Each structure stands twice: as structure tokens, then as C-alpha cells.
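Reader: I'd like a close look at just one part of this: the surface near the DNA. Please take it slowly and tell me what's there.

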There are 2 protein chains.
Amino acid sequence: MAATIKDVAKYAGCSIKTVSRVINNEPYVTPELRTQVQAAIRAVGYVPNLSARRLVQHKAYMLGILMYPGYSQATSAVLSRIMDIGYEENYDILIQPYFPSHSRSRDKLANLITGHRLDGFVSTPPCDTDGFIVDLLTTYKVPLVQINPFTRTETIPYIAGDDYQGAFAATEHLINLGHRIIAFLLGPRNLRASVDRLYGYRAALDAHRLTANEQWLEDSEFTFDGGYTATKLLMERQVRPTAIFAGSDESALGVLFAAQEMGLRVPGDLSVCGYDDFLLSKNIWPGLTTVHQPSEEMLEQATRLLIKLVNGEPVEEKQVVITPRLVVRGSTGRINP
Amino acid sequence: MAATIKDVAKYAGCSIKTVSRVINNEPYVTPELRTQVQAAIRAVGYVPNLSARRLVQHKAYMLGILMYPGYSQATSAVLSRIMDIGYEENYDILIQPYFPSHSRSRDKLANLITGHRLDGFVSTPPCDTDGFIVDLLTTYKVPLVQINPFTRTETIPYIAGDDYQGAFAATEHLINLGHRIIAFLLGPRNLRASVDRLYGYRAALDAHRLTANEQWLEDSEFTFDGGYTATKLLMERQVRPTAIFAGSDESALGVLFAAQEMGLRVPGDLSVCGYDDFLLSKNIWPGLTTVHQPSEEMLEQATRLLIKLVNGEPVEEKQVVITPRLVVRGSTGRINP
DNA sequence: CTGTTAGCGCTTTCAC
DNA sequence: GTGAAAGCGCTAACAG
């Protein structure tokens with residue numbers, strides 16, 4: 001059996017409350033006693049029992065990150081950072097899979113909350129699209145920080161990327177390379193990002209007095225298969241686009257695959273631009289031009305914000321918008337004369 | 001304040017012990033009383049408080065998965081499965097980043113264990129290479145299941161892929177396509193997989209009476225950069241290999257990139273074979289021939305095994321070796337005449 | 001500044 | 001079959 005607070009108290013010759021004070025860095029302990037207790041803690045090899053603390057404080061010391069398993073962005077490298085933050089702040093972090101509008105997912109989440117097993121949540125897209133999470137957490141007054149929320153509200157804190165700006169920059173980059181027919185691949189309608197990216201694309205065309213024609217829009221769902229199919233459709237037309245803005249890196253991968261399968265050279269015959277800058281984008285020949293979303297940093301910021309909220313600490317900025325930046329690699333080039 | 005066991009007891013008109021029996025599916029409760037209690041539970045919206053249970057049972061109901069943040073295989077899709085399993089079995093699952101031989105990592109782990117915050121661990125490579133984990137968990141008698149352990153022992157349970165067989169099959173595939181000079185890219189020395197894959201490669205050459213020449217071995221550390229550099233070195237030689245067995249998909253990506261940058265056609269001028277079959281292997285032109293490791297299933301099996309161990313349930317097979325299978329895609333082809 | 005006391009919500013004896 | 005009582009390890013409230 002492990003050492004408890006009583007063992008420490010006995011060893012240090014003081015009461016358990018004093019030990020408790022030392023553990024929690026509370027004031028009103030003389031420096032001498034404090035060091036004495038600290039020595040005792042080391043001597044008996046004491047580590048506080050979190051379950052006891054959790055029970056008495058009605059606090060779970062656990063945070064949930066809601067993730068949609070369909071996307072593969074969340075790698076262990078990304079998660080590593082937030083696990084570290086949690087560790088430092090004494091919170092465990094639970095990765096919680098969530099499918100929007102899926103009753104089992106909802107039940108699990110509701111159970112987690114009603115069972116007081118979590119103190120707060122970070123939601124990542126598209127988990128918050130069904131509104132359930134927001135409603136539930138609001139009802140139970142459980143803090144929530146959204147990453148790229150589907151709908152931004154005035155009250156719920158979020159960390160969001162400026163998809164409009166990012167898409168604008170990407171489209172402008174293609175225009176500046178001389179492209180005039182630039183196709184855009186639409187993402188799922190339940191993602192705010194996909195809507196904003198479309199607007200950014202349109203706005204850039206507008207700004208350069210190019211007409212945004214519906215016929216250069218294709219669905220892709222931001223998936224590989226979607227990008228692949230869309231490209232086949234687009235490139236079999238009489239008039240072909242010279243560039244495709246894929247809307248996401250995953251769909252851009254499909255575009256690249258289809259293009260190469262059709263014997264097209266990238267960027268010679270077709271320029272391709274993605275969005276997200278996921279890990280492999282720079283590792284795929286010829287290097288994918290894309291818009292960098294600092295997803296690691298965003299998740300980190302969201303987690304830090306959530307911890308402050310849960311701890312009841314004051315927060316300056318509750319709603320943060322981050323401007324993404326264009327990363328030019330080999331997949332886009334000047335239009336062939 | 002949420003409903004407690006007392007509220008349920010009061011509502012059902014029985015003692016808290018009876019409620020406890022119902023919750024835990026214990027015998028010695030009349031069917032009528034049981035249904036009555038169940039109704040009461042629903043009526044008051046009772047959810048057991050895990051912290052209280054944890055405290056009294058000296059059990060954390062939490063499992064740790066040790067992951068090396070350097071590799072990016074662990075996507076949310078992979079994790080989703082095990083989180084689900086944990087949920088069903090009433091265990092929370094903590095993803096724990098771990099760098100072998102890193103003192104901070106060690107301290108964190110030791111703290112987690114001595115603080116009784118976890119009931120058991122699954123380790124993934126290369127977390128167990130420094131021996132620390134195995135020692136620590138053995139000392140504290142905390143159950144451990146290893147995935148692809150660095151050294152297999154007779155006592156510690158593991159789920160492992162047969163890297164020797166996999167590499168043998170991959171190499172043989174290349175030989176059967178007519179390749180005679182097949183380079184192999186070495187992985188990190190602290191990975192059992194990389195050693196076994198080398199042996200499998202050699203054995204296949206041997207079996208076909210081809211001499212395994214040291215000169216066709218290059219280091220890659222199983223990384224993109226390693227694969228890239230190795231390929232540049234190999235393809236600048238007087239005599240070039242006609243195929244590269246990259247040892248991992250990540251390094252294979254580097255090979256593909258370098259090859260295409262050098263204007264080589266794949267598989268026309270160079271066949272490329274990877275190992276792991278990570279998510280994107282099939283999405284990268286021209287499709288990566290590789291050896292499929294069922295990492296999701298392995299992690300799932302390991303987690304289920306760990307739960308049985310932690311629950312003290314009997315287990316049939318404690319050490320499982322899975323035979324991987326070759327997946328032939330576009331990156332390998334018959335040698336050019 | 002320090003200690004005593006009373007629980008947190010649950011399971012575990014052990015009587016009935 | 002069922003229940004009363006004790007206590008897990010800790011913190012909160014209040015005395016001293």
C-alpha cells in the first residue's frame with residue numbers, strides 16, 4: 001500500500017492538514033515546517049491520491065478533446081503537446097471520438113458529463129455541427145472551447161483560423177501565376193471552413209475581375225476520393241481548368257493522383273493547391289502548395305484557455321482568430337503559354 | 001448537485017447497499033427489487049461517481065497507451081477504436097507521450113504509476129527500447145502489454161507483427177519481378193522491427209541465391225529525409241539499384257520524392273516498396289506497394305488483453321504474432337529489359 | 001499559523 | 001436477501 005497523507009504527517013510530526021497545505025502550496029505554514037514536510041514527503045515516497053482529491057472537490061481533473069475519427073489530422077505528435085500541458089496543470093486529457101448526430105456518441109458524451117467525469121471540453125470540427133454539444137454543455141454549465149466552430153457565437157470561446165483569408169490568398173496566388181480558369185472543390189456543407197473557403201475563393205476571383213462560374217465548382221467532401229473523382233470530371237471536359245484549388249490537402253491528394261494517372265504533369269499541365277498543410281504535404285512530390293493552418297498551436301491555445309476557464313482564472317481573449325499563411329511548394333506554377 | 005446512490009435508495013425505498021448491488025450486477029437481489037431500483041436510477045437520473053469508486057477500490061479505471069510522438073501513425077481514427085473499447089469496459093484511456101531515455105518522460109511515467117493513476121499500460125514502439133518501462137512496471141506489478149516489443153520476453157504479454165516474414169515477402173516480390181539489385185534502407189537500431197526487416201530482406205535474397213551485398217544498405221532512420229538522402233546517394237552511383245525496399249512507408253515517401261525529383265519514373269526506372277501501409281500509402285501516386293501491418297487491430301487486441309489482465313480475468317493467449325501481408329500497388333513493376 | 005472534525009460517494013465487511 | 005456501519009485519502013470549515 002502506498003504512503004498516504006497520514007504517513008507523511010506522522011513522519012513529519014504534524015497534522016495532515018499541514019501536509020495538505022504544503023502539497024497545495026497554500027500559505028500559513030512556516031518555512032521550516034514546510035521544508036520538514038517536504039522532506040517527509042520524499043522520505044516516505046508520498047504521491048497524492050488523485051481520486052480522493054477528485055471526490056472531495058467534486059472535480060474530475062479531466063478534460064475532453066472531441067475529435068471526429070473520420071479525419072486523420074490528429075496524430076500523436078499533435079496530441080503530445082496537449083497531453084504535456086495537461087500533465088503540467090494536473091489534468092488528464094481524454095480524447096473523445098464524436099460523430100455528429102450519432103446517438104451513441106451523444107449518449108456517451110451525456111454520460112461523461114452527467115457522471116461528472118470531465119470538467120471541460122475542446123471541440124474540433126465537425127463535432128459541433130449538430131449543436132448537441134453546445135446545448136448540452138451550456139445546459140450543464142460545463143466549459144467549452146471550440147476550434148473552428150461551425151457557428152461563432154458571442155459567448156462561447158473559440159480559436160479559429162481565417163479560412164476566408166486563407167482561401168483568398170491561395171486563389172490570388174493562382175491568379176498571379178496567370179491562371180484564369182481555376183476550379184474549386186467544395187467540402188462538406190456542415191463545415192464552416194468549407195463555406196468560408198468558397199467565399200474566399202470567390203472574393204479573390206471578384207477582386208481580379210474574373211467571373212466565378214458555378215461550372216468550376218465540384219464536390220469533394222474534402223476527401224481523397226472526392227478530389228480524385230472531381231478531377232476526372234473536370235479534366236474530361238472540352239475546356240479544362242489550368243488550376244485546381246482543392247479546398248483541403250486530403251482532396252488535393254486525390255487531385256494529384258488523378259492528374260498523374262491521366263498523364264498530366266503537375267504543375268506543367270495543372271496547378272494544384274490544397275488547404276491545411278497536413279504533415280505529409282511537403283513530402284509528396286512535387287510538394288503541395290497549400291495554406292498552413294497551425295492546428296497544433298490552435299489545439300494548444302484552446303487547451304490552455306480551457307484550463308483557465310475550468311480553474312476559474314481570468315482570461316483576456318476568449319475568441320481568437322488566426323490568420324493562416326500560404327505555403328508555396330512545387331505543385332503550383334506559372335500557366336503554360 | 002447530481003444524484004447520488006442515497007437519492008436512488010431513498011426513491012426506491014431500500015438501502016444504498018442494494019442499489020450498489022444493482023449497479024454492479026451483483027447477485028442476491030430479488031428481481032422485483034432490482035427492476036424497482038433500476039426505475040429509481042432512471043427517475044433520479046443517477047450516474048455513478050467514478051471518483052468515489054476509484055477511491056474505495058484503489059483502482060484508477062484508467063489505462064495508458066505509451067506513444068512516441070515522433071511517429072505519426074497514431075491518428076484519431078486509430079485511437080477512436082480503443083477509446084470505444086475503454087468506454088465499454090469503463091476504463092478511461094490516457095495517451096501518454098513517451099520518449100525513450102528521456103528523464104522527464106520517465107519522471108512523468110513514474111509519477112503516474114506511484115500515484116496510482118493508471119492500472120495498466122500498452123507500450124508501442126520504440127517506447128520500450130530503454131528498458132525503463134518494463135523495469136518500472138515489473139517493479140510495481142503494473143500490467144503491461146507490448147506492441148512490437150524491442151525484446152520479447154517469456155513473461156510479458158505482447159502483440160507483434162512478423163517483420164521478418166513481411167520483409168521476406170516484400171523482397172521476394174521484387175525478386176520475382178526480375179530485380180537483382182535491390183537496395184534496403186535501414187531503420188533505427190533501437191527498433192526491433194528494423195532489425196527483423198533487414199534479416200527478412202537478407203533471407204529472401206539468400207533463398208533466391210542472390211548475394212546480399214552491404215553496399216546496397218543505406219541508413220534512413222525510417223524517416224522521409226532519410227529515405228530521400230539515401231535514394232540520392234544510391235542513384236548517383238555508377239551501378240544503380242533497380243528497386244529500393246525502403247523498410248518503412250515514411251522512408252519510401254522520401255524515396256519516391258527523390259526519384260521523381262531526379263526525373264526517374266516509378267516503377268519504370270525504379271521500383272519502390274515500403275512497409276507499414278499507413279493511411280496515405282494508397283493515396284500517393286503511383287500507389288505504394290507495401291507490407292500491411294494491421295496497427296489498428298493490434299492496438300485493439302493489446303487493449304482488450306490489458307483490460308482482461310487488469311480485471312484479473314483469465315487470458316488464453318498472452319503473446320500473439322501476426323503475419324503481415326503484402327499489398328501490391330503501382331510503385332513496383334517488372335524490371336525494364 | 002496549526003490542528004480537529006466532518007464529510008465527499010462509494011464499496012466492503014459483517015450482522016440480521 | 002438485505003441493511004448498518006466503517007472507512008478509502010483527501011480537503012473544507014472552523015477552532016484554537
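Author: First, the yardstick: a residue is near a molecule or strand if its C-beta atom, placed from the backbone, lies within 6 Å of it. Keep in mind that this is a predicted model, so local features need pLDDT of at least 70 and side-chain atom pairs only count at pLDDT 80 or more, while totals for chains, interfaces and linings use all residues. As for labels, residues are numbered from 1 along each chain as its sequence is written, and chains are lettered from A and ligands numbered from 1 in the order in which they are written.

Helices below (H or I, at least four residues) and strands (E, at least two) are DSSP runs numbered from the N terminus. I'll also sort residues by class: Ala, Val, Leu, Ile, Met, Phe, Trp, Tyr, Cys and Pro are nonpolar, Asp, Glu, Lys and Arg are charged, and the others, Gly among them, are polar.

Start with DNA strand C. It has 26 residues around it, and the closest are S15(A), V56(A), I5(B), N49(B) and A52(B). Two or more residues each come from α2 (16-23) and α4 (50-57) of chain A, and from α2 (16-23) and α4 of chain B. The top contributor is α4(B), with five residues. Sorted by class, that surface holds 15 nonpolar, eight polar and three charged residues.

Now go over to DNA strand D. There, 25 residues surround the strand, with I5(A), N49(A), A52(A), S15(B) and V56(B) coming nearest. Again α2 and α4 of chain A and α2 and α4 of chain B each put in two or more residues. This time α4(A) gives the most, five residues. The class split is 14 nonpolar, eight polar and three charged.

While you're looking at α4, check where the chains meet. If you call two residues in contact when their C-beta atoms, placed from the backbone, lie within 7 Å, then 45 residues of chain B are in contact with 45 residues of chain A. On the chain B side, α4 (50-57) is among the elements giving two or more residues, along with α5 (76-88), β2 (92-97), α6 (103-114) and α11 (249-261). The largest share there belongs to α5(B), with seven residues. By class, that side of chain B has 25 nonpolar, 14 polar and six charged residues.
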